[in-house]
Amino acid sequence: MVGMKPKDVMPSAAVKFFGAGTAACIADLVTFPLDTAKVRLQLQGESQIAEGVGALKYRGVFGTITTMVRTEGARSLYNGLVAGLQRQMSFASVRIGLYDSMKQFYTRGTESAGIVTRLMAGCTTGAMAVAFAQPTDVVKVRFQAQARLADGERRYNGTMDAYKTIARDEGVRGLWRGCMPNITRNAIVNCAELVTYDMIKELILKYNLMTDNMPCHFTAAFGAGFCTTVVASPVDVVKTRFMNSGHGQYSSALNCAFTMLRNEGPTAFYKGFMPSFLRLGSWNIVMFVTYEQIKKGMSRAQQYWESPF
């Protein structure tokens, strides 16, 4: 990332890798209920058509959260948290932690990186993260989508049970369900998120609007969150529905998208936009601010270790 002074010790790739995963887990702990509300709202139109129900069960972000707490208990807001943390530790470590390294790879070690280079780096690390950690995302979405049944039964009894059940019932390919739309989504998200954050932060520092501190990181992260939500919401909705679908419900991610368009219209692609924005905006703020602090803390510790006096 931009903003390091010459006297600063540049954090190593290992520090960035570990720091990104840790910061993403902290951000997930804070924003997970918003993500769960987003998933329920994205799936609502689909369940209405399948069940022939006219009335909306969930209305708005906080209405969804209130309904879930009332009907399923407060713990339902954190359905799939274990898989979510597994996902962030593996996803974010790769897509965010290796972003600078990939940028240097494409620029052959030079400091200057144009918009094309940044986009290429974001697409590459986003795709790598999905290929590596897709099963954690499938399990997380399944848990967030499941509601407690009248007899108290659940679709899965635990995180490991979900991995085993999906592999047994749908084959190993079931754990990689929605891999291609997720690669598309993560490439878009990574480019919008990291490139926007990088460029906003660079402009703030270039024109001396702020110093490289927490307000600067907050502003850049908020802008990145909004841009990412606008660009990535349609792909995110398709990804969520396809990954949650039963075997044979959709023949492909494109079929899922066309079915949504035919049955619910173009606005279906922006279902759950507000919780998506609230979640991505707050997630970006917590993640990037924490990530920058971890990098600075680890760099200072490294500097002190190398020259303690």
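**Exercise 1. Classify the residues that line the second largest cavity, then identify the helices that supply them.**

Solution. By class, this lining comprises 3 nonpolar, 4 polar and 4 charged residues. Here Ala, Val, Leu, Ile, Met, Phe, Trp, Tyr, Cys and Pro count as nonpolar, Asp, Glu, Lys and Arg as charged, and the others, Gly among them, as polar. The model is predicted: local features need pLDDT of at least 70 and side-chain atom pairs count only at pLDDT 80 or more, whereas totals for chains, interfaces and linings use all residues. Residues are numbered from 1 along each chain as its sequence is written, and side-chain values use heavy atoms, with hydrogens and water left out.

Next, the members of the lining of the second largest cavity are Lys 38, Arg 185, Val 189, Thr 228, Thr 229, Ala 232, Ser 233, Asp 236, Ser 276, Arg 279 and Leu 280. A cavity is a set of points, on a 1 Å grid over the protein atoms alone, where a 1.4 Å probe fits but cannot get out; lining residues have an atom within 4 Å of a point.

Finally, H8, helix H9 (214-244) and H11 each supply at least two residues of this lining. H9 gives the most, with 5 residues. Helices are DSSP runs (H or I, at least four residues), numbered from the N terminus.

**Exercise 2. State the volume of the largest cavity and describe its lining.**

Solution. The structure holds 3 cavities of 30 Å³ or more. The largest has a volume of about 90 Å³, and the second largest about 80 Å³. A volume is the space filled by probe spheres set on the grid points, which are joined across faces, edges and corners.

The lining of the largest cavity divides into 4 nonpolar, 2 polar and 5 charged residues. Among them are Arg 87, Gln 88, Phe 91 and Arg 95, as well as Trp 283. Helix H3 (81-95), helix H8 (179-206) and helix H11 (273-306) each supply at least two residues of this lining.

**Exercise 3. Compare the expected span of H3 with the model, and determine how far the helix is covered.**

Solution. The expected span is 1.5 Å times one less than the number of residues. The 15 residues of H3 should therefore span 21 Å, and the end C-alpha atoms are 20 Å apart, which agrees.

H3 is mostly covered, with 11 of its 15 residues buried (under 20% relative accessible area, 1.4 Å probe, protein chains only). The buried residues include Arg 87, Gln 88, Phe 91 and Arg 95.

Note on methods:
1 Å grid on protein atoms, 1.4 Å probe; cavity = no way out; pocket = protein on both sides within 12 Å on 5 of 7 lines; lining within 4 Å. Buried < 20%, exposed > 50% of the residue type's maximum accessible area, 1.4 Å probe, protein only.
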